[in-house]
Every structure is written in structure tokens, then in C-alpha cells.
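Trainee: I have a new structure to read. Where should I begin?

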Amino acid sequence: MHGEYKVPGGKLVVVDLENQGGVLRGVRVAGDFFLEPDEAIAAIDAALEGAPADTDATGLAARIEAALPEGTVMYGITAEGVAVAVRRALAQATDWTDYDWQFIHAGPQAPALHMALDEVLTTEVAAGRRPPTLRVWEWGAPAVIIGSFQSLRNEVDAEGAARHGVTVVRRISGGGAMFVEAGNTITYSLSVPSSLVSGLSFADSYAYLDEWVLEALGDMGIKAWYQPLNDIATDVGKIAGAAQKRMVGPDGGPGAILHHVTMSYDIDAGKMLEVLRIGKEKMSDKGTKSAKKRVDPLRRQTGLPREAVIDRMVQSFHDRYGLAPGSVTGEELARAEELAATKFSSAEWTARVP
């Protein structure tokens with residue numbers, strides 16, 4: 001069995017092993033990390049050898065930590081990272097490069113249609129009828145996108161939204177509310193097979209699925225990192241928020257994951273504060289007193305046009321994993337348009353948590 005895991009902000013860890021009678025055998029850890037002293041790598045292998053195959057990542061990491069020689073220095077590698085690579089090997093996780101990725105970037109579309117397309121395309125990936133897909137959105141109208149479990153009245157100032165012509169829609173994933181405007185926002189979705197994140201915790205899957213965009217931002221001069229659970233941050237503020245929805249496959253099969261991210265290229269903070277109700281608890285949790293300080297737009301940090309930022313992001317994905325031009329099929333679009341009308345535009349769905 002073979003497992004790989006790139007430690008967030010670190011290096012690639014590779015593990016080869018066998019599961020013999022419910023225990024790990026023939027464990028070999030490798031990668032492009034740095035580790036001193038040399039005998040530490042043998043200590044890691046020995047710590048994992050004979051471990052019960054059902055040991056979780058926390059337990060595996062503890063075995064590794066206990067076995068490391070005194071004074072061991074690990075750079076680009078962590079005990080937790082090795083443990084995750086082991087779990088991915090045992091789960092027979094797939095890798096980004098195992099797939100023929102498809103790229104979709106259409107013209108501006110209504111907010112409700114974007115919600116529906118996410119559901120339809122990810123359902124198709126879960127059923128094996130569509131390859132893993134990266135979709136970049138273009139917004140046809142300003143909107144507030146609230147999380148699946150958020151209270152509508154607690155998150156949105158209805159009078160402010162009406163005054164500014166802002167559409168309110170509810171997505172199928174959890175997480176917080178996002179204020180978006182055409183030209184000021186970069187939004188993308190990944191619809192991927194569940195096997196891509198096999199062996200990862202729910203929290204780790206967020207960082208894993210956006211490692212590529214952190215590197216793309218780095219190429220543009222922005223040092224960004226994941227701030228658990230679902231923010232992408234820099235030293236001057238948050239620039240993006242992510243959310244996920246897991247979907248089962250046909251007959252309860254492995255299924256697929258929808259992972260979507262909204263990034264602030266620019267923002268009208270005054271308008272946002274008139275439309276969103278941003279509570280004191282949320283501000284306290286983020287360590288700031290002002291919502292205006294929470295978000296630092298990409299326009300200011302990159303100095304690049306929005307289109308150039310998108311192009312660089314997409315090119316980075318292409319260079320890492322491959323990416324072929326694609327489109328929404330006629331059948332997929334018809335299903336999405338029906339869902340947009342019957343579900344995502346309905347008061348019943350939008351106010352399902354009043």
C-alpha cells in the first residue's frame with residue numbers, strides 16, 4: 001500500500017507498507033523533508049512497524065513522537081503528517097494526478113443557479129459520470145450566500161439587502177455568510193471523489209484541497225496559510241473562506257465532496273456591513289474589533305487585475321495536476337436550472353432556518 005501527504009506549509013511525506021493480519025508491516029517512510037539525526041528515519045519506521053492497522057492518526061503520531069531520538073529536528077515533516085500518510089495508504093486514497101481534471105469557467109450566472117450547479121456537478125462526480133472538476137464562478141448579481149445551517153434573520157439585514165439590490169441564497173454546505181459582488185469576488189468550486197481525501201480528518205481536508213491555491217498566491221507574492229477551520233489568511237487579514245458538503249454515491253457508494261471558496265478581490269466594506277449582521281462574538285473569535293479589518297482584498301495585496309489573479313490560479317492548478325477545458329452539459333444545466341427555480345430560489349429553502 002502506498003500513501004502520500006503534503007504537510008501543510010511543509011514537504012511531501014510518502015509511506016509504503018503492508019497490512020498483514022491487521023498490523024502494519026514493511027513500513028518505509030520517505031519524502032523531500034529534512035530530518036536530523038539520520039537514525040530518526042529508522043526510528044519512525046520502527047515505531048510504526050507492528051502497529052494495529054486500525055490505529056487512528058493521533059495514536060500513530062504518538063508512537064512516532066515517543067520513538068524519536070532525543071534532539072531530533074524535523075523540518076517540513078511532522079509526526080502528524082507521517083500518521084496521515086499512513087492512514088491514506090491504508091484507505092487506498094487517490095492522488096490529484098490520478099485524474100483527468102476538467103475546468104469550467106462560464107459567463108455571469110444568477111446566484112441561485114450557482115448553488116444548483118454545485119449540487120448537480122458534485123452529484124455527477126459522485127456517480128462517476130463526470131470527472132473531477134474545477135469551476136470558477138462569475139456572478140450575475142450581488143448576493144449574500146448563507147451557510148446551510150445559519151439563521152436567515154440573524155445573518156442578513158433584510159432592509160439593507162433590499163436597499164442595495166442584494167439577492168440572498170442559501171447554499172448546501174455549512175459555514176458562514178459571504179457577501180459577493182461581480183468584479184469584487186473570486187469564487188471557485190472543486191467537485192472531487194471522496195477517495196481524494198481518504199485518510200484525512202474533516203479539518204485536514206480543507207487545507208489539503210486548497211494547498212494548490214496557497215502556492216498560487218505565494219507565486220503572486222502573498223504568503224497565505226490556512227487558519228482552521230476554513231479561512232485562508234495572511235498577516236494583514238483574511239482573504240477567503242471555504243466550505244464543504246459531502247455527498248454519497250449511488251447505492252451508498254464512496255461519493256464525492258464539494259469544496260468551494262470565496263475570495264475577496266475587492267470589497268465595499270460599508271455596504272457589506274449594511275447587509276450582513278456580524279456579531280460581536282464572531283469579531284471576538286477572529287481577534288479583531290472591526291469587520292472592515294477582517295478582510296484584506298487581493299487587489300491591494302497583488303496589484304493585479306482580477307482576471308490576472310484568476311488566470312494565475314488556474315495556471316498553477318494546470319501545472320500541478322493537469323486541467324482540460326470543459327463545460328456544463330445540456331442535461332446538467334437543465335437539472336441545475338430546475339433546482340435553481342424550485343429549491344434555491346424558494347423562500348422555503350432560503351428561510352429553512354428562519
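**Reading the core first**

Mentor: This is a predicted model. Begin with the largest nonpolar core, which has 71 residues; Trp96, Trp101, Trp212, Ile232, Met263 and Met313 touch the most other members. Helix α3 (residues 79-90) gives the most to this core, with eight residues.

Trainee: Which residues does Ile232 touch, leaving out those up to four places away in sequence?

Mentor: Ile232 touches Asp210, Val213, Leu214, Leu217, Ala224, Trp225, Tyr226, Lys238, Ile239, Ala240 and Val261. Another core, of 20 residues, lies apart from the largest one, and Trp137, Ile172, Phe344 and Trp349 are among its members.

Trainee: Why look for such cores at all?

Mentor: In soluble globular proteins, nonpolar side chains tend to be buried together. Here, 52% of the 354 residues of the protein chain count as buried.

Trainee: How many helices and strands are there in the protein chain?

Mentor: The protein chain has 14 helices and 16 strands. Its radius of gyration is 22 Å, close to the 20 Å that the globule rule gives for 354 residues, so the chain is as compact as a globular protein of that length. Along the principal axes, its C-alpha atoms fill a box of roughly 65 × 45 × 35 Å. The accessible surface comes to about 15700 Å², and 51% of that belongs to carbon and sulfur atoms.

Trainee: What do contacts say about parts of the chain that are distant in sequence?

Mentor: Count the contacts between residues at least 6 apart in sequence: 70% of them join residues at least 24 apart.

Trainee: Now the sheets. What is the order of strands in the open sheet of eight?

Mentor: Read from one edge to the other. The order is β12-β13-β14-β15-β11-β7-β6-β16, and the pairing is mixed. The edge strands are β12 (225-227) and β16 (324-325), each pairing on one side only.

Trainee: How do I read a single pair of strands within it?

Mentor: Look at direction and bridges. Strands β13 (residues 231-234) and β14 (residues 237-247) run antiparallel and are joined by four bridges. Asp231 stands opposite Gly241 in β14.

Trainee: Which helix packs on the sheet and touches β6, β7, β11, β14 and β15?

Mentor: That is helix α4 (residues 111-126), and its direction makes about 145° with that of β15 (256-264). Helix α7 (residues 202-209) lies across β11, β12, β14 and β15, and runs at about 120° to β14.

Trainee: Can we take one residue of α7 as an example?

Mentor: Take Ala203, which is in helix α7. With a relative accessible area of 40%, Ala203 is partly exposed, because that value falls between the 20% and 50% cut-offs. The C-alpha atoms of Ala203 and Ala42 are separated by 29 Å, and the two residues are 161 apart along the chain.

Trainee: Which strands stand at the edges of the open sheet of three?

Mentor: The order in that sheet is β1-β2-β3, with antiparallel pairing. Strands β1 (2-6) and β3 (23-31) are at the edges with a single partner strand each, so one side of each is left without a neighbour in the sheet. Neighbouring strands of this sheet are turned by 20° against each other on average, direction ignored.

Trainee: How many bridges pair β2 with β3?

Mentor: Strand β2 (residues 12-20) pairs with β3 over seven bridges, in the antiparallel sense. Asp16 stands opposite Arg28 in β3.

Conventions. Residues numbered from 1 in each chain as written. Predicted model: local features only at pLDDT ≥ 70, side-chain atom pairs only at ≥ 80, totals over all residues. Heavy atoms only, no water. Pairing = 2+ DSSP bridges. Helix = DSSP H or I, 4+ residues; strand = E, 2+ residues; numbered from the N terminus. Contact = heavy atoms within 4.5 Å. Axes fitted to C-alpha atoms, helices over the stretch in contact; angles between N-to-C directions. Core = buried A, V, L, I, M, F, W, Y, C linked by side-chain atoms within 4.5 Å. Buried < 20%, exposed > 50% of the residue type's maximum accessible area, 1.4 Å probe, protein only. Rg over C-alpha atoms; globule rule 2.2 N^0.38 Å. Areas by Shrake-Rupley, 256 points an atom, 1.4 Å probe, with all protein chains shown as cover.
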